[in-house]
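Please open the structure in the viewer and keep the sequence panel visible. The tour proceeds by selections, each followed by a description of what is found there.

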Amino acid sequence: METEQSTSQVRVRLSTSQAGIVLPETISSLLVKTDLRRYELSGLVNALLGNERAIPFDFLINGIFLRGSLDDYLTQHALSSETTLKVEFVRAAIPPVHLASFKHDDWVSSVDVLSPMSPAQRWSSPNERLPGHERILSASYDGLLRIWNMSSQVTVTSPSAGNGGHLSSVKAAKFISPSQVASSGTDRTVRLWKYREASDDSPAVMSPQIELHSHKASVDSIAVHQPSSRILSASADHTVCLWSTRKSDAPAVPESSLSAHSSLGAKRRKVGPAVSTAQRGCLSILKSHTAPVSSVIFAPNDSTVAYSASWDHGLKTWDLPASTSIDTRSTSHALLSLVAIPDLNLVAAGTSARHITLVDPRASATKIVAMTLRGHTNAVVSLAIDPNNAYGLASGSHDGTCRIWDLRSTKTDKDGQVGQSMYTIGRESIGGALRISGDGVKVFGVLWDPDIGIVSAGEDKSVQINRGQCANPVAPS
C-alpha cells in the first residue's frame, strides 16, 4: 500500500522567460506528485515540449532553485499540498570545461581580456576595435606583462625593469582600451603602457607611457574607467589613489614620493638609450582605511563613486570628486576582493574566512550582509560576475579552485540566507584535482568574459581558460 507522502500531489504552474521553450497555456498548470525532484520535473517538461533530445532544466520557486523534492520545499516553507506552486524552468548550465592553459615562468597574479564585449572594447572608438582578435593580458611575479592570442602564443611582452618596466612583481593589470594598458605592482607604482598590434611589416609593441607615483607600499589592485580617463588603485599602505590616464591632466610627482623612489631621480628619467618615461602624481589620496586596502572598484553606474575593501574588515563607499568616504560597512573578517552585481544592487566581497559576503551598499539598506556564499576552503581573493546571468558569479581562491555561483541557489541556516556553489573548477596543472589548502595551485585572479570564458590565473604559473554555457541553447528566431 502506498504511503500518503508518495501519493500526495500538488498543483504546479510552469512558466519560463527563455525563448524557444515556452509551454502552451493549456498545459502549463498540472497536478504532480510531491516527491518529484529536478530530474523528474525536467523529464516532464521535455515530454510536454515534445523534445526528441532532452534538455536539462533547472527549476525555481519564488526565485530560488529547487534542490530537493517538491515535498521538501513545501515542508521547509510550511506550505500545504493545497498550495499552487509557481515554478519557473530554465535551461540548466553545464559544467565549465577546460579549453586551454598558457604557461608562464612565474606565478600569475592577474588577468584581463580584450574581446568584443569586454569593457575596453566597448569603451573604444570604432577604429580602435579589433574584431576577431581576442587577447588575454597576464601579469606575473616575474615583473612582466604578456599579451596572448587565443592560440596560446605571446604576441608581446612588456619591457624589463631596465627599459621602463616594473622593478619587481606585477600584481594587477587591465586593458584601458585596445591601445592602452594599466598595471601596478610591488614596486609601488601604477604604470600606463601604449600597446600596438602587430602589422604586416612590424611586430606587436608594448611601450611605457607614464609612471604614476604616490603609494608607499605594494599596489595590489587597480580599476580603470576609460570614459572618464580615471584609474583607481588600492595599496598595502592603507590608501586608495585616484589617477588620470592623460599626462596633461596629471599633477607632478610630490617630492615625498620622489624621495621614496630615489632611484627614479626626477620628473623624467632616461631608462635606456632610446626610452624615457614621464612621471606623474595622483589626483587625490583617499585615506580612511586602517589596514591594507585589497581591492577597489568604480560603482557600475556612476564613475564618481567607488567602493574599496580592506583588511580592516571594512567596505567603504567613496565620493571621488570630494575625496571623501561617505559610508562604511563593517564586516566580521578581512575583505580581500570586490565585484559589483549591478542588477541586484549588491557588492560581493571575498573574505579571509573562506566565504563571500554580499553587501547592499545603499544608504537605505537595513542590514549589512544580504547573503553569504560558502564552499571555499581558503581565502577568496578574486571575484567576477557572469556576463550572461544577472545572478551569476565566479570566485577564485587560495584553495586552488574557482567556484561558479548562482545567487538563486540558496538555503537558510542559523546565519541566514546561504548560497551554495553550482560548480567547482580545479587547476588543470594537477589534472583538475582539489587540494583543501591549495598548496602550489592557489588562484590569484579570475575574470568571466562572454566570448572567451572563465579566465583564471594562479600559483601554478598558468592562465587557465574554462567555458560553460546553457545546455542545448535555442537560437532566437
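Begin by selecting Tyr141, which is partly exposed, with a relative accessible area of 25%. The coordinates come from a predicted model.

Next, add Phe444 to the selection. The ring centres of Tyr141 and Phe444 are 6.0 Å apart and the planes stand at 40°, so this pair is tilted. It links distant parts of the chain: Tyr141 belongs to the loop between strand 8 and strand 9, while Phe444 belongs to strand 33 (residues 443-449), 303 residues apart. Phe444 is buried, because its relative accessible area of 15% falls under the 20% limit.

Widen the view for a moment to the whole structure, where a search finds six aromatic pairs. One of them is formed by Trp107 and Tyr141; this pair is edge-to-face, with 5.2 Å from centre to centre and 65° between the planes. Trp107 is located in the loop between strand 6 (97-103) and strand 7 (108-114), and Tyr141 in the loop between strand 8 (135-140) and strand 9 (145-148), so the pair ties together parts that are 34 residues apart in sequence. Trp107 is partly exposed, with a relative accessible area of 32%. Display the three side chains together: Trp107, Tyr141 and Phe444 form one aromatic cluster.

Now move to residues 293-299, which are strand 21. Are the residues of strand 21 buried or exposed? Seven of its seven residues are buried, and the strand is mostly covered.

Extend the selection to strand 22 (residues 302-310), which runs antiparallel to strand 21 and is joined to it by six bridges. The two strands form a hairpin, with two residues between them. To find a matched position, label Val296 and look across to strand 22, where Ser308 stands opposite.

Finally, clear the selection and show the whole chain as a cartoon. How many helices and strands does the chain have? There are five helices and 35 strands. The C-alpha trace spans about 90 × 50 × 40 Å along its principal axes. For 477 residues, a compact globule would have a radius of gyration near 23 Å, and the chain, with 25 Å, agrees with this.

Colouring by burial gives a last view: buried residues make up 51% of the 477 residues in the chain. With the surface switched on, the accessible area of the chain comes to about 20800 Å², of which 50% belongs to carbon and sulfur atoms. Among contacts with a separation of 6 or more, 56% are between residues 24 or more positions apart.

Note on methods: Residues are numbered from 1 along each chain as its sequence is written. This is a predicted model: local features need pLDDT of at least 70, side-chain atom pairs count only at pLDDT 80 or more; totals for chains, interfaces and linings use all residues. Side-chain values use heavy atoms; hydrogens and water are left out. Buried means under 20% relative accessible area, exposed over 50%, partly exposed in between (1.4 Å probe, protein chains only). Helices (H or I, at least four residues) and strands (E, at least two) are DSSP runs, numbered from the N terminus. Two strands pair if DSSP finds at least two bridges between them. Rings of Phe, Tyr and Trp (its six-membered ring) pair if their centres lie within 6.5 Å; planes under 30 degrees apart count as stacked, over 60 as edge-to-face and the rest as tilted. The radius of gyration is taken over C-alpha atoms; the globule rule is 2.2 Å times the number of residues to the power 0.38. Contact means heavy atoms within 4.5 Å. Accessible areas come from the Shrake-Rupley method with a 1.4 Å probe; for residues, only the protein chains shown count as cover.
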